[in-house]
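Thank you all for coming; I would like to take a few minutes to walk through a structure that may be new to you. Please have a look at it first, and then we will go through some parts of it together.

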Amino acid sequence: MTDTVLPVRGAAPYDVVIGRGLADRLPALIGDARRVAFLHAADLQQLAEPVLAAIRPHYDVLALGLPDGEQAKTADAVHQCWEALGEAGFTRSDVVVTFGGGATTDVGGFIAATWLRGVRVVHVPTTLLAMVDAAVGGKTGINTGAGKNLVGSFHEPSGVLVDLDTLATLPREELVAGMGEVVKCGFIADTGILDLVEADPAASTDPGGSVLPELVRRAIQVKIDVVVEDLRETAGTSAGEGHPGREALNYGHTLAHAIERAEDYRIRHGEAVAIGCCYVAELARRSGLLADDAADRHARVLAAIGLPVTHTGADFDALLATMRVDKKARGNVLRFVVLSEPGRPRVLEGPDETDLRAAYAALAPSAGGDHG
Ligand code: NAD
């Protein structure tokens, strides 16, 4: 494939470069600096070698291995990195590069946001989820004992390098989970994503093929369009009357967060999002907003690529209590991003509790939700 460059034209413009075998493109994204702090998931050392080889001739590289996955998103890990940066005399004109999944880009972005009140960061995401979601948009964060992502800041990267070759080693279930966010982008904005997945579900999850790169490009474009319109989740958007702005990215996430919590985070985020998308589709159908075929399309597309579309066994009152304290809730009024048709998101405020329960009950396999 030829490389694609997607410009992000926010207050501080930057490029997302997408392609294969892109290590040599990294120095141009990093730009002028003396030192680079290369923060990577320690387990991905071997995968990182070509990238390290590409930057070592140009910079003093301080490579720092982070614990795997969520274990990196702790105040302890951040503290250790701050100490290492201090020892290395890391200055404001030096640059942080992150290499790994969304956990690594989140914690690395947070370290870059806080060191000397903010140094540049370039993300090199290596999971599908991080490519299409975590690395673009400037959200950074770590976890505390009370919950996920409770501490963080907005700190936009100065470049993102999406090297699709890194997906070759990603476990299949992680790749499929990332597709949950890709398909979500199809439902909220670019229905061409849904058409591509429906036309060839197997090719959609083949990291060596030509369909997945197109899906990644389209999903990143959706995220760019939404975040450039509405960077800090406050203002409205020019996308159209009633468009929820950045909140649209939260499609399927309200129930997903509650399920993740109920399952003590043993379910992957993208899997929970797939279930959550089916839930809001059902809620929109019951509220008279979404036609039957468009609602049914959710489970059809998601199940075709191996994502879960059913959920049973949770205590719905507990899920409801978690949804009520979701950061998207305002006061005690539940808000859901729903669709009036594929590609047209809007907000549904304060739906009927009967509908909320019935939509969850409809996720039971026996209720016709089993499309696997
Ligand atoms: P992750 O970073 O935990 O990575 C999943 C696993 O895959 C890890 O074990 C990792 O070591 C491994 N891995 C990564 N790349 C690999 C590769 N190429 N080959 C083999 N193994 C590889 O998980 P994730 O799903 O990428 O990201 C989840 C995190 O992203 C969560 O912490 C979530 O809060 C965050 N997130 C942030 C945003 C945002 O806007 N900032 C958006 C979505 C998610």
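Where is Ala11 found? Before I answer, please keep in mind that what you see is a predicted model. Ala11 sits in the loop that runs between β1 (4–8) and β2 (14–19), and Ala11 is exposed, having a relative accessible area of 86%. If we take Asn332, which is 321 residues apart from Ala11 along the chain, the C-alpha atoms of the two are separated by 34 Å.

Let me turn from that loop to the interior. The largest nonpolar core has 80 residues, and among these Val16, Ile220 and Tyr279 touch the most other members. The element that gives the most to this core is α11, with 11 residues, and the core draws at least three residues from each of domain 1 (4–168) and domain 2 (178–199 + 215–367). Looking at Ile220 in particular, and leaving aside its neighbours within four places in sequence, we find contacts with Leu6, Val16, Ile18, Met131, Val132, Val136 and Val162. There is also a second, separate core of 20 residues, which includes Val17, Ala23, Leu26 and Phe99.

Finally, consider helix α14, which spans residues 353–361 and in which Leu356, Ala359 and Tyr360 are buried. Seen down the axis of α14, these buried residues fall within an arc of 100 degrees, so they line one face of the helix. That fits a general point, namely that an α-helix has 3.6 residues a turn, so residues three or four places apart point the same way. As for what covers the buried residues of α14, the cover includes α11 (269–286), α13 (316–324) and β10 (335–341).

Notes: Residues numbered from 1 in each chain as written. Predicted model: local features only at pLDDT ≥ 70, side-chain atom pairs only at ≥ 80, totals over all residues. Heavy atoms only, no water. Buried < 20%, exposed > 50% of the residue type's maximum accessible area, 1.4 Å probe, protein only. Helix = DSSP H or I, 4+ residues; strand = E, 2+ residues; numbered from the N terminus. Arc of directions from axis to C-beta. Contact = heavy atoms within 4.5 Å. Core = buried A, V, L, I, M, F, W, Y, C linked by side-chain atoms within 4.5 Å. Domains from an automatic or database assignment.
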